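The following note is offered to a colleague who is meeting this structure for the first time. Its points may be read alongside the sequence and the model.

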Amino acid sequence: MSDKKQVWAIQHIGYEDLGSFENVLKSRGFEVKYFCSRHVDYKAMFAADPDLLIVLGGPMSVHDVENHPWIEHEQRFIEERIATEKPLMGICFGAQIIAQALGANSYVGKQGKEIGWSKITVNVDGQKTPFRHLDGSLTHMMHWHGNTFDLPDGAVLLASSDKYHKQAYSYGDHIFCMQCHPEVTEAKLRLWYSSGASEIEEVGLTIDKMKADAHTYNERLSDQAALFLNEWLDEQGL
């Protein structure tokens with residue numbers, strides 16, 4: 001195994017990667033390894049091995065096991081990771097499957113799909129954490145989801161949007177999850193638009209509007225996301 005610190009990123013679709021987080025991680029000396037969810041042999045992996053595990057986003061539902069049989073194996077792997085009490089982060093689908101691994105429900109959101117750029121409100125508990133750097137007073141946030149989740153027992157809600165109450169939560173000292181997407185980059189988002197054109201239209205937006213908003217807000221978001229991630233990694237001793 002490498003002497004470098006390792007971050008394992010579980011990837012569910014090619015265009016949803018670590019984004020701007022990857023530069024932060026590499027600048028801190030991490031070796032970044034991606035694992036494609038469809039091809040991972042979770043039984044051959046040890047959940048305690050990486051210094052940090054990040055479970056990324058994707059368009060699927062945690063309940064769509066018939067089309068994605070790997071979901072059950074991934075959830076068990078996440079449960080094993082939780083038991084190690086080593087750092088774990090989830091983004092979007094990742095936040096949903098971690099919530100489920102912690103015993104909570106994930107389901108289609110009653111408010112419909114939340115797509116595009118808007119602000120989140122970091123609450124009093126969240127202001128005590130590195131996530132304060134992503135409050136709406138400081139930056140816009142990128143959203144793209146239709147599912148949501150219940151807050152796991154023992155978890156702390158940290159942020160909300162006008163449309164969905166649960167945007168970020170922590171669990172213990174080592175788990176941090178976000179429904180929203182602070183990691184996105186303007187360049188990579190172009191791949192999201194082509195695959196999600198019908199969803200963009202469904203919520204009353206256009207690809208041109210999405211592109212314009214990304215150009216306006218993404219640089220600031222990436223700067224604030226770096227402040228968040230660096231501080232959180234400092235807290236984890238990484």
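1. C92 is a buried residue, since its relative accessible area is 3% and burial is set at under 20%. In this predicted model, C92 occupies the loop that runs between β4 and α3 (93-101). Although C92 is not a glycine, its phi is positive, at about 55 degrees.

2. E85 may be read beside C92. Phi of E85 is also positive, near 60 degrees, in a residue other than glycine. The loop that holds E85 lies between α2 (70-84) and β4 (88-91). Is E85 buried or exposed? With a relative accessible area of 60%, E85 is exposed, because the limit for that class is over 50%.

3. The sheet deserves attention next. Eight strands form an open sheet in the order β2-β1-β3-β4-β12-β11-β10-β7, and their pairing is mixed. Which strands stand at the edges? They are β2 (30-36) and β7 (121-122); each has a single partner strand, so one side of each is left without a neighbour in the sheet.

4. The pairing at each edge can be described in detail. At one edge, β1 and β2 run in the parallel sense and are joined over 7 bridges; K5 has F30 of β2 as its bridge partner. At the other edge, β7 pairs with strand β10 (residues 155-160) in the antiparallel sense over 2 bridges. There V122 has A159 of β10 as its bridge partner.

5. Strand β1 (residues 5-11) is mostly covered, with 6 of its 7 residues buried. I10 belongs to this strand, and its relative accessibility of 1% places it among the buried residues. Which residues does I10 contact, leaving aside neighbours within four places in sequence? They are F35, S37, Y42, L53, I54, V55, L56, E74 and F77. I10 and K188 stand 178 residues apart in sequence, and their C-alpha atoms are 17 Å apart in space.

6. Helix α1 (residues 20-27) has S20, F21, E22, V24 and L25 as its buried residues. These buried residues pack against several elements: β1, β2, β3 (52-55), β4 and α6. Just after α1 comes G29, whose phi is positive at about 90 degrees.

7. In soluble globular proteins, nonpolar side chains tend to be buried together. Here the largest nonpolar core has 44 residues, and L25, F131 and F228 are those with the most contacts inside it. Helix α6 (residues 207-235) is the element that gives the most to this core, contributing 8 residues. Apart from this core lies another, of 29 residues, which includes M45, W70, A95 and F149.

8. F228 merits a separate look, as one of the residues with the most contacts inside the largest core. Residues up to four places away in sequence are not counted in what follows. F228 touches F21, M89, P130, F131, H133, L134, F176 and M178. One of these partners, F21, is also among the buried residues of α1, while another, F131, is itself named with L25 and F228 for having the most contacts inside the core.

9. Rolling a probe the size of a water molecule over the atoms shows where empty space is left. How many cavities of 30 Å³ or more does a search of the whole structure find? It finds 1. About 50 Å³ of space lies in the largest cavity. Its lining is made up of Y15, E16, D17, G19, E183, V184, T185, K188, L189 and W192, and these residues divide into 4 nonpolar, 2 polar and 4 charged. K188 has thus appeared twice: in this lining, and in the sequence and distance comparison with I10.

10. The largest pocket has a volume of about 330 Å³. Its lining counts 21 residues, and P59, W144, H145, G146 and E199 lie nearest its centre. Two elements, β8 (141-145) and α4 (186-195), give two or more residues to this lining. By class, the lining residues comprise 7 nonpolar, 11 polar and 3 charged.

Key:
Residues numbered from 1 in each chain as written. Predicted model: local features only at pLDDT ≥ 70, side-chain atom pairs only at ≥ 80, totals over all residues. Heavy atoms only, no water. Core = buried A, V, L, I, M, F, W, Y, C linked by side-chain atoms within 4.5 Å. Buried < 20%, exposed > 50% of the residue type's maximum accessible area, 1.4 Å probe, protein only. Helix = DSSP H or I, 4+ residues; strand = E, 2+ residues; numbered from the N terminus. Contact = heavy atoms within 4.5 Å. 1 Å grid on protein atoms, 1.4 Å probe; cavity = no way out; pocket = protein on both sides within 12 Å on 5 of 7 lines; lining within 4 Å. Points joined across faces, edges and corners; volume = space filled by probe spheres on them. Nonpolar A, V, L, I, M, F, W, Y, C, P; charged D, E, K, R; others polar. Pairing = 2+ DSSP bridges.
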